[in-house]
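Could you walk me through this model in my viewer, one selection at a time? I would like to know what surrounds each ligand and which elements supply it.

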Amino acid sequence: MDLQQKLSHLFNLNYDIVAEYLVKRLREYIAESGKKGGIVGVSGGIDSAVVATLLSRATHNYFFLLLPSSSTPARDVQDALELTEMLGGRDKREVVEIDGIVREVGSRVKSEDPLVLGNAKARIRMTLLYAFAQKLDYLVIGTGDKSEILLGYFTKYGDGGVDVLPIGDLYKTQVRLLGRHLGVPEKIVTKPSSPALWEGQTAEGELGLSYEVADAILYSRFEEMKGPEEVAKELGVDISLVRRVDELVMRSQHKRLPPEIFRLSGRAINSDWRYPRAWA
Ligand SMILES: Nc1ncnc2c1ncn2[C@@H]1O[C@H](COP(=O)(O)OP(=O)(O)OC[C@H]2O[C@@H]([n+]3cccc(C(=O)O)c3)[C@H](O)[C@@H]2O)[C@@H](O)[C@H]1O
Ligand SMILES: Nc1ncnc2c1ncn2[C@@H]1O[C@H](COP(=O)(O)OP(=O)(O)OP(=O)(O)O)[C@@H](O)[C@H]1O
Ligand SMILES: [Mg+2]
């Protein structure tokens, strides 16, 4: 199977059923949490557009927060405004510009490093989302997809700091197809992914590979469990690319797990221990 065949194999889901299932799970998850609804940060990119659409179908109690900064392209703000208007109207959203808070943090940290300030931006957004969520008695609905989560391409406790990840089992390429299926405007479906944490940043530029290649490699390595040489040969990509993807997955393990507790007794209370339901 070459790259294109692998991708069509990957893409080949029944998106009607996927959409119906995710909407149902989101509705159930919110109900079981005891919270009234859900809030999502809407950036103008595909992941948040898909999650916002699913959320608006799962419950009437949804809220969209637009949190632009100076590095957010004007077109993204416009697309996020249009999308949220289409989904819920102006009374279901708010725009909070974050540059003032970013400047404040930057002046205390005394760093010009775009990564330091960029990750701070993602954590400032998380802080605002949680504050609004608590005010409304809502959950924070996350937008991470399987590609970003596996590659560790998210800010720990920033956009990674959420209550639930409805599209976390869909690769980026699949999220785009689901978006098209859900009626997300085509300009968002085809827009290149970007965290927009600094000017000109693109996901594929920073990662050094396209999401299509990344998804095919991830699928072959971690779902089909094929060896690196076999994957490189099958997809017609350089072995160094496969090894790079492996390295990204390995190095980001800490982002996908709760912080390690150094055990003094039998179990770690944040991972392999649950409050026994029978006692409730
Ligand atoms: N082994 C280990 N065990 C426990 N913790 C460990 C650790 N290694 C690092 N850490 C901690 O993790 C921190 C590094 O992680 P983090 O702060 O996330 O920072 P980092 O992974 O360096 O940067 C985040 C990356 O995600 C990208 N991003 C961010 C936000 C959104 C999106 C998007 O796609 O929209 C993408 C961003 O462009 C950048 O490339 C370290 O400073 C350290 O505190
Ligand atoms: N300007 C913003 N306003 C509101 N939320 C934002 C903003 N920028 C980022 N976020 C939040 O952080 C999440 C992570 O950003 P990310 O760029 O990965 O997602 P996206 O823009 O929805 O899709 P893509 O990955 O294709 O760019 C967003 O989905 C959104 O929830
Ligand atoms: Mg984006």
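Start with the shell around ligand 1 and colour it by class: you will find seven nonpolar, six polar and four charged residues. Keep in mind as you go that this is a predicted model.

Now label the closest contacts. Of the 17 residues around ligand 1, those that come nearest are Ala-122, Thr-155, Lys-156, Pro-195 and His-254. Two elements give two or more residues to this shell, so to speak your next selections: helix 6 (114–136) and helix 10 (203–207). Helix 6 makes the largest contribution to the shell around ligand 1, with four residues.

Next, centre the view on ligand 2. Here 20 residues form the surroundings, and the closest are Gly-41, Ser-43, Gly-45, Ser-48 and Ser-193. Colour this shell by class too: it splits into eight nonpolar, eight polar and four charged residues.

Which elements each supply at least two residues of the shell around ligand 2? Select strand 1 (37–41), helix 3 (46–58) and strand 2 (62–66), and you have them. Helix 3 provides the largest share of that shell, three residues.

Finally, zoom out and select residues 20–259. An unreviewed UniProt entry annotates this span as "domain: NAD/GMP synthase". Within residues 20–259, helix accounts for 57% and strand for 7%. To finish, draw a distance between the C-alpha atoms at the two ends of the span: they lie 33 Å apart.

Key
Residues numbered from 1 in each chain as written. Chains lettered and ligands numbered in written order. Predicted model: local features only at pLDDT ≥ 70, side-chain atom pairs only at ≥ 80, totals over all residues. UniProt positions renumbered as here; feature names shortened; annotations may be inferred. Near = placed C-beta within 6 Å. Nonpolar A, V, L, I, M, F, W, Y, C, P; charged D, E, K, R; others polar.
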